[in-house]
2 protein chains.
Amino acid sequence: MRLYDYFRSSAAFRVRIALALKGLEADRTYVHLRRGEQRGAAYLQVNSFGLVPSLELDDGSVLTQSLAIIEYLDEEYPEPAFLPGGPLDRARVRSLALSLAADTHPITNLRVLEELRSVYGADDEGVAAWYRHWVLQTFPALDAALEADPGTGVFCHGDTPTLADICLVPQVFGAARFDLDLEAFPTLKRITAACMDLSAFDNARPERQPEA
Amino acid sequence: MRLYDYFRSSAAFRVRIALALKGLEADRTYVHLRRGEQRGAAYLQVNSFGLVPSLELDDGSVLTQSLAIIEYLDEEYPEPAFLPGGPLDRARVRSLALSLAADTHPITNLRVLEELRSVYGADDEGVAAWYRHWVLQTFPALDAALEADPGTGVFCHGDTPTLADICLVPQVFGAARFDLDLEAFPTLKRITAACMDLSAFDNARPERQPEA
């Protein structure tokens, strides 16, 4: 397998965690987002949407979209499971994951921040304020929901990491880059710390990637 | 079941289609997004994230996030299936769906457009340009990918509607509201027309909702 990766991409970070939790090794090609390599001809041959990550399988198939890749890995390599057994619990985990992966991250990723700069003249502070605004549309409700729900354990759901944790940690790392204080979100902070105790999460962090 | 719904919400539109395809009936509560009812105390008791849709089950459980709800419906009511059988095909369908539900829709939904108005003074034309910009980051690649892939049939994957079609149609309806011409995207146009021939899609369209 080959992962098309970028150290600071939250979506790629998710897939790095997922691969490591499954004990899978992938070769890596770094696609430098700040240099626009995702829009270059070579990468568009891999992923015509020009987005990172992509996962190329040994038969040449290319999977795109981090959550689709992670669900694929979970179906092909069932242990350890990223989703619990019952449909209601699975819906809970997917919903927690999507509150980040659909309703937070896409509004705050690099291409959106660049568009704010180029169309609306946003400066560094404007971009940071936009980032924090959208994270703060999600984190208070997410923290409270996790705190209140008996389904929450050491991790977002129970005592093993799930798809929800795989989405949480990269969003927390992104928020830290924009100086968002996690002290107000004790449950998110606690779960993130539990994740970072696992080498699969720790080794996937942006600073540990070779091109960082 | 009770669906907390809003006629113009793309995410709620997806769940209306999914319920209808499964032959399920749900009572409906309309949450008027333009009046801010999603941030009112009554609705926050249902969904503390203040987002539409939510699906309340007969046992009182509340499911949130449209894709999590739709995967739940597919697991609990397997026929007709929203995902194909093999992991690679399932990854393809989920990826197509997420190219819209994660990488397009969240950047262009009402709360983001309102934020652009309030923070950056965007006017109607600015908001429409923003909307079209993000749709045009996805539709060309999506149209070409669907045209090129032998997995595409009458619908996005094969000859029965999947999660991908359920995400496509609401995005096409949204784009039409912002005067985006679908002529440049013949495969999206063809698949959308095939969907709209089905009553499950047609009855779910915004104009057919009681509060429209």
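This report looks at how chain A and chain B meet, and at the cavity found in the structure. The model is predicted.

**The interface**

Chain A brings 43 residues to the contact, and chain B brings 43 residues. Together they bury about 3900 Å². Carbon and sulfur atoms give 64% of that area. Three residues stand out on one side: Phe49(A), Arg111(A) and Tyr120(A) supply 17% of the area that chain A buries against chain B, more than any other three residues.

Charged pairs also link the chains. There are 6 salt bridges between chain A and chain B. One of them joins Glu75(B) to Arg90(A), with the closest N and O atoms 2.8 Å apart. Polar contacts across the interface involve 14 residue pairs, both residues being at pLDDT 80 or more.

Which parts of chain A touch chain B? Elements that each supply at least two residues include strand 4 (62-64), helix 3 (66-76), helix 4 (87-101) and helix 7 (124-148).

**The cavity**

The count is 1 cavity of 30 Å³ or more. The largest cavity has a volume of about 120 Å³. Its lining has 13 residues. Nearest its centre lie Leu67(A), Glu71(A), Leu67(B), Glu71(B) and Leu98(B). Helix 3 and helix 4 of chain A, with helix 3 (66-76) and helix 4 (87-101) of chain B, each give two or more residues to this lining.

**Residue types**

The table sorts the residues of both surfaces by type.

| Surface | Nonpolar | Polar | Charged |
|---|---|---|---|
| Side of chain A that touches chain B | 24 residues | 10 residues | 9 residues |
| Lining of the largest cavity | 9 residues | no residues | 4 residues |

Key:
Residues numbered from 1 in each chain as written. Chains lettered and ligands numbered in written order. Predicted model: local features only at pLDDT ≥ 70, side-chain atom pairs only at ≥ 80, totals over all residues. Heavy atoms only, no water. Contact = heavy atoms within 4.5 Å. Buried area = accessible area lost by both parts, 1.4 Å probe. Salt bridge = Lys/Arg side-chain N within 4 Å of Asp/Glu carboxyl O. Polar contact = N/O pair within 3.5 Å; in protein donor to acceptor, adjacent residues only side chain to side chain. Helix = DSSP H or I, 4+ residues; strand = E, 2+ residues; numbered from the N terminus. Nonpolar A, V, L, I, M, F, W, Y, C, P; charged D, E, K, R; others polar. 1 Å grid on protein atoms, 1.4 Å probe; cavity = no way out; pocket = protein on both sides within 12 Å on 5 of 7 lines; lining within 4 Å. Points joined across faces, edges and corners; volume = space filled by probe spheres on them.
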